[in-house]
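Colleague: I should be grateful for a close look at a single part of this model, namely a loop and whatever surrounds it. Please set it in the context of the whole fold.

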Amino acid sequence: MRLGIADHLGWAVAVTASGDHEVVDRRRIELVEPGVSAAPIHYESSRLDVAATAALVAEVRASVVRATSAALDEIATSLPAPVRSISLRAWPLDFPADIAVQRRAPYEARADAIMYRQELSELAHARGWEVHLYDAKAVVGQAVRMLAGRADDILQGPRATLGPPWTKDHRVALAATIVAA
């Protein structure tokens, strides 16, 4: 099984596909616990000093670990076979870790989203899953080229067979599992 994630601030669309690209599971998952800021850098840091922002980010990261671990465990236990890999939207591997730097443009707008992806990656590695990174703007086109004449059936077919929702996020997450294969 390959798991594709299309993340947002605090939640994500998760699509799990078999080796032949059949959608086995799709769901929305929560990546942070209720009542915890989904975007500590973007939403909160302007009213906090660096130390308070760092403390808040640590609190949010701990919440992300708990919520995301529970979501990944729920997915894994519901599947007929083990998860082999997870595909996540790519982030700059040299993105600054320093909170004081993250609070400034241009980093401030991306810091929270990158935090989620980093935590997802660490949690996947801890489970022994391969981690693949994808370019959200290119992954559907890459999957279409790989699938050739089967592309429409595989990427659009789940809407007919599973019913709504089957959104762009679902297609991107599924395409990411195909490119990872």
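Modeller: This is a predicted model, and I begin with histidine 21. Leaving aside neighbours within four places in sequence, histidine 21 is in contact with Leu147, Arg150, Ile154, Leu174, Ile178 and Ala181. The residue is located in the loop between strand 2 and strand 3. Histidine 21 counts as buried because its relative accessibility is 14%, and the cut-off for buried is under 20%. Its backbone takes a positive phi near 75°, in a hairpin that has five residues between strand 2 and strand 3.

The two strands of this hairpin come next. Strand 2 (residues 11-17) and strand 3 (residues 23-30) run antiparallel and are joined by seven bridges. One pairing to look for is that of valine 15, whose bridge partner in strand 3 is arginine 26.

The hairpin belongs to an open sheet of five strands, arranged in the order 3-2-1-4-5 with mixed pairing. Strand 3 and strand 5 (130-134) are at the edges with a single partner strand each, so one side of each has no neighbour in the sheet. From one strand to the next, the twist averages 20°.

Across the sheet from the hairpin, the pairing can be followed strand by strand. Strand 1 (residues 2-7) pairs with strand 4 (residues 85-89) in the parallel sense, over three bridges. Here arginine 2 stands opposite serine 85 of strand 4, and leucine 3 stands opposite isoleucine 86 of that strand. Helix 2 packs on the sheet and touches strand 1, strand 2, strand 3 and strand 4, its direction making about 160° with that of strand 3. Strand 4 also pairs with strand 5 in the parallel sense, over five bridges; arginine 89 has tyrosine 134 as its bridge partner in strand 5. Strand 4 is mostly covered, with four of its five residues buried.

Helix 7 (residues 168-180) lies across strand 1, strand 2, strand 3, strand 4 and strand 5, and runs at about 45° to strand 2. Among the contacts of histidine 21 are Leu174 and Ile178.

Other contacts of histidine 21, including Leu147 and Ile154, lead to a pair of helices. Helix 5 (residues 139-147) packs against helix 6 (residues 151-162) at an angle of about 130°, and their axes are 8 Å apart. The angle therefore makes helix 5 oblique to helix 6. Val140, Ala143, Val144 and Leu147 of helix 5 make this contact with Ala151, Ile154 and Leu155 of helix 6. By class, the residues of the contact between helix 5 and helix 6 are seven nonpolar, no polar and no charged. Leu147 and Ile154 thus appear in this helix contact and also among the contacts of histidine 21.

A further residue of helix 6 is glutamine 156. With a relative accessible area of 34%, glutamine 156 is partly exposed, whereas histidine 21 is buried. Not counting residues up to four places away in sequence, glutamine 156 touches Ala151, Trp166 and Arg171. The C-alpha atoms of glutamine 156 and glutamate 74 are separated by 26 Å, the two residues being 82 apart along the chain.

Helix 2 has a helix partner as well as the sheet. Helix 2 (residues 50-78) and helix 4 (residues 111-126) pack with their axes 10 Å apart, at an angle of about 50°. Helix 2 is therefore oblique to helix 4, and the crossing of these two helices is right-handed. On helix 2 the contact is made by Val60, Arg61, Val64, Val65, Thr68, Ser69 and Leu72, and on helix 4 by Met115, Tyr116, Gln118, Glu119, Leu120 and Leu123. The residues of this contact of helix 2 with helix 4 comprise eight nonpolar, three polar and two charged.

Finally, serine 121 is also placed in helix 4. Serine 121 counts as buried because its relative accessibility is 9%. Not counting residues up to four places away in sequence, serine 121 touches Leu88, Trp91 and Val131.

To return to the loop, histidine 21 is a buried residue with a positive phi, and its contacts include Leu147, Ile154 and Leu174.

Methods. Residues numbered from 1 in each chain as written. Predicted model: local features only at pLDDT ≥ 70, side-chain atom pairs only at ≥ 80, totals over all residues. Heavy atoms only, no water. Axes fitted to C-alpha atoms, helices over the stretch in contact; angles between N-to-C directions. Parallel < 35°, antiparallel > 145°, perpendicular 65-115°, else oblique. Left-handed = near helix turned anticlockwise from the far one by under 90°. Contact = heavy atoms within 4.5 Å. Nonpolar A, V, L, I, M, F, W, Y, C, P; charged D, E, K, R; others polar. Pairing = 2+ DSSP bridges. Buried < 20%, exposed > 50% of the residue type's maximum accessible area, 1.4 Å probe, protein only.
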